[in-house]
Amino acid sequence: MPWCPECRTEYDAGIQRCADCGAALVTELPPEDFGRDPVIILRAKNAHEAQVSAATLRSEGIPTYVASPDVYLPQLGNPVASVTPEFFVWVPADAADDARRVLSQPPVSEEDLLEAEQATDPEPEIDEELPTDAP
């Protein structure tokens, strides 16, 4: 299956370009480069919050890694168990300020998402209609 090397989205066979960023798709993803000093940018309360935050950061070009509650992380070259109910979202240290700025923005509304989808969809006649403010 082809992949977008920028936003790392998987596509169906036969698709040539990423619908989100326009990058040419590749057959294998290149390894992610997290820089030398990753930092925790978010301690999410659940997997959904962590994945949405990570996807939001990746859409802005910020490399992101999500660690589940029971992971082994290297500290000073030694593996250390980290047992927590939180999901950690990691970014390179040099992208931490940008990541904080992105995550501090208000979430996109459902209407804005649907509008953006319809603007880029090659078959807009199949999409749902925008919600109306009906009483």
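Visitor: How many helices and how many strands are there in the chain?
Guide: Happy to start there, and please keep in mind that this is a predicted model. From the N terminus on, the elements run β-α-β-β-β-β-α-α. Counting them up gives three helices and five strands.

Visitor: What share of the residues in the chain count as buried?
Guide: A residue counts as buried when its relative accessible area is under 20%. The chain has 135 residues to sort by that rule. The share that count as buried is 26%.

Visitor: Among contacts between residues at least 6 apart in sequence, what share join residues at least 24 apart?
Guide: Contact here stands for heavy atoms within 4.5 Å. Of the contacts in the chain between residues at least 6 apart, the share that join residues at least 24 apart is 43%.

Visitor: In what order do the three strands of the open sheet stand?
Guide: Let's build it from the pairs. Strand β1 is joined to β5 (residues 87-92) by six bridges, and β2 pairs with β5 over three bridges. Both pairings are antiparallel. Put together, the order is β1-β5-β2.

Visitor: Which are the edge strands of that sheet?
Guide: The order of the open sheet is β1-β5-β2. An edge strand pairs on one side only, and that fits two strands here. They are β1 (38-44) and β2 (65-67).

Visitor: By how many degrees are neighbouring strands of this sheet turned against each other on average?
Guide: The three strands stand in the order β1-β5-β2, with antiparallel pairing. Ignoring direction, neighbouring strands are turned against each other by an average of 30°.

Visitor: Which residue in β5 is the bridge partner of Y65?
Guide: You can follow the residues of β5 across to its partners. On the β1 side, F87 in β5 has A44 standing opposite. On the β2 side, strands β2 and β5 pair over three bridges. There, the bridge partner of Y65 is W90.

Visitor: How many of the six residues of β5 are buried?
Guide: Strand β5 pairs with β1 through six bridges and with β2 through three. Helix α2 (residues 96-104) also lies across β1 and β5. β5 is mostly covered, and the number of its residues that are buried is six.

Visitor: At about what angle to β1 does helix α2 run?
Guide: Helix α2 covers residues 96-104 and lies across β1 and β5. The angle that α2 makes with β1 is about 20°.

Visitor: Which residue forms a salt bridge with D97?
Guide: A search of the whole structure finds one salt bridge. D97 and its partner are separated by about one helical turn, because they are three residues apart in helix α2. In this pair, the closest N and O atoms are 3.5 Å apart, and the partner is R100.

Visitor: Is D97 buried or exposed?
Guide: The cut-off for exposed is a relative accessible area over 50%. R100, at 46%, therefore counts as partly exposed. D97 has a relative accessible area of 60%, so D97 is exposed.

Visitor: How many disulfides does a search of the whole structure find?
Guide: A disulfide is a covalent bond between the sulfur atoms of two cysteines. Here, C4 is buried with a relative accessible area of 0%, and C18 counts as buried at 5%. For disulfides, the search finds zero.

Visitor: Which backbone oxygen does the side chain of S53 reach?
Guide: S53 has its place in helix α1 (residues 47-59). At 11% relative accessibility, S53 counts as buried. Leaving aside neighbours within four places in sequence, S53 is in contact with L42 and L103. At 2.9 Å, the side chain of S53 reaches the backbone oxygen of E49.

Visitor: And which backbone oxygen does the side chain of T64 reach?
Guide: T64 is found in the loop between α1 and β2. At 1% relative accessibility, T64 counts as buried. The side chain of T64 reaches, at 2.9 Å, the backbone oxygen of I62.

Visitor: What separates the C-alpha atoms of P5 and P31, in Å?
Guide: P5 sits in the segment before β1 and is partly exposed, at 24% relative accessible area. Not counting residues up to four places away in sequence, P5 touches several residues, including A23, L29 and P30. P5 and P31 are 26 residues apart along the chain, and their C-alpha atoms are separated by 9.4 Å.

Note on methods:
Residues are numbered from 1 along each chain as its sequence is written. This is a predicted model: local features need pLDDT of at least 70, side-chain atom pairs count only at pLDDT 80 or more; totals for chains, interfaces and linings use all residues. Side-chain values use heavy atoms; hydrogens and water are left out. Helices (H or I, at least four residues) and strands (E, at least two) are DSSP runs, numbered from the N terminus. Buried means under 20% relative accessible area, exposed over 50%, partly exposed in between (1.4 Å probe, protein chains only). A polar contact is a pair of N or O atoms within 3.5 Å; within protein, one must be able to donate a hydrogen and the other to accept it, and residues adjacent in sequence count only if both atoms are side-chain atoms. Two strands pair if DSSP finds at least two bridges between them. Axes are lines fitted to C-alpha atoms, for helices over the stretch in contact, and angles run from 0 to 180 degrees between N-to-C directions. A disulfide is a pair of cysteine sulfur atoms within 2.5 Å. A salt bridge is a side-chain nitrogen of Lys or Arg within 4 Å of a carboxyl oxygen of Asp or Glu.
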